[in-house]
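Got the viewer open? Here is a short tour, one selection at a time.

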Amino acid sequence: MPDLQLIRPNHAPALLAFEQENRAYFAASIPDRGDEFFAEFDTRYAQMLEWQAAGTDYFHLLVTEGGEVVGRVNLFKVADGSAELGYRIAQKAAGQGLATVAVRKVRELAATEYGLTRLRARVKLDNPASRKVLERNGFVAVSELTLNDKPAISYICELR
């Protein structure tokens, strides 16, 4: 299992490589980040570090022994004891259970280190693998919605 780490300044090149290498793979199931994300990556990354330092977001990476990023699990919009959960796993690492384990670890951190009591997540209906990850980690479907013009489900996980 790769090591779960909060982002640090020295992670920027590996995270950018991860996003570039998996751009088409991710765009098949979630909206593409767009060219400006990559063009302005350094500015965006500095902003992410600031948000994390302020406690409004927590950005976790799955890092291999060789320093390669093979996944992300983020908590964002942290407020009033809750946060939104998002995650993505590299194409070459998909289907190995990394997302399930990483989400479990971040869920534990959310409760023990970040003082959160509830996590929210949204997943499109056509993404059964992500739905399974959430359900294996105690998330419960609470409502249907539209996400990027596609049917989706909203999930909640009570941490206490």
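Leaving aside its neighbours within four places in sequence, which residues is Arg72 in contact with? Select Arg72 and look around: Leu15, Phe18, Glu19, Arg33, Met48, Phe59, His60, Leu61, Gly86, Tyr87 and Arg88. Keep in mind as you go that this is a predicted model.

Stay on Arg72 for a moment. This arginine lies in strand β3, and its relative accessible area is 4%, so it counts as buried, the cut-off being under 20%. Now click Arg120 as well: it is 48 residues from Arg72 along the chain, and the two C-alpha atoms are separated by 16 Å.

Next, zoom out to the sheet. You should see an open sheet of seven strands with mixed pairing, in the order β1-β2-β3-β4-β5-β7-β6. At its edges are β1 (3–6) and β6 (140–147), each of which pairs on one side only. Follow the strands across and the twist averages 25° from one to the next.

Colour residues 69–79 and 82–89. These are strands β3 and β4, which run antiparallel and are joined by seven bridges. To find a bridge by eye, pick Gly71 in one strand and its partner in β4, Ile89.

Now bring up residues 12–21. This is helix α1, which packs on the sheet and touches β2 (58–63), β3 and β4. The direction of helix α1 makes about 100° with that of β3.

Time for some rings. Show Phe18 and Phe26: their ring centres are 5.4 Å apart with the planes at 55°, so the pair is tilted. Are these two buried or exposed? Phe18 is buried, at a relative accessible area of 1%, and Phe26 is buried too, at 6%. While Phe26 is on screen, add Arg88, which lies over the face of that ring, 4.5 Å from its centre. You have already met Phe18 and Arg88, as both are among the contacts of Arg72.

For another set of rings, select Phe37, Phe38, Phe41 and Tyr45, which ring pairs link into a cluster. Then add Arg33, another contact of Arg72. The charged end of Arg33 sits over the ring of Phe37, 4.7 Å from the ring centre.

Which residues have the most contacts inside the largest nonpolar core? Pick Leu75, Leu85, Leu116, Leu119 and Phe139, out of the 45 residues in that core. Helix α5 (residues 98–112) supplies the largest share, with six residues.

Take Leu116 from that list and show what it touches. Not counting residues up to four places away in sequence, you'll find Leu75, Val78, Gly81, Ser82, Ala83, Ala110, Ala111, Leu159 and Arg160.

Last stop: Cys157, which is found in strand β7 (residues 150–158). Cys157 has a relative accessible area of 2%, so it is buried. Beyond its neighbours within four places in sequence, Cys157 is in contact with Arg107, Thr117, Arg118, Leu119, Asn137, Gly138 and Phe139. Two of those, Leu119 and Phe139, were on the list of core residues with the most contacts. To finish, pick Glu135: from Cys157 to Glu135 is 22 residues in sequence and 9.2 Å in space, C-alpha to C-alpha.

Note on methods:
Residues numbered from 1 in each chain as written. Predicted model: local features only at pLDDT ≥ 70, side-chain atom pairs only at ≥ 80, totals over all residues. Heavy atoms only, no water. Pairing = 2+ DSSP bridges. Helix = DSSP H or I, 4+ residues; strand = E, 2+ residues; numbered from the N terminus. Axes fitted to C-alpha atoms, helices over the stretch in contact; angles between N-to-C directions. Contact = heavy atoms within 4.5 Å. Buried < 20%, exposed > 50% of the residue type's maximum accessible area, 1.4 Å probe, protein only. Core = buried A, V, L, I, M, F, W, Y, C linked by side-chain atoms within 4.5 Å. Phe/Tyr/Trp six-rings, centres within 6.5 Å; stacked < 30°, edge-to-face > 60°. Lys NZ or Arg CZ within 6 Å of the ring centre and 35° of its normal.
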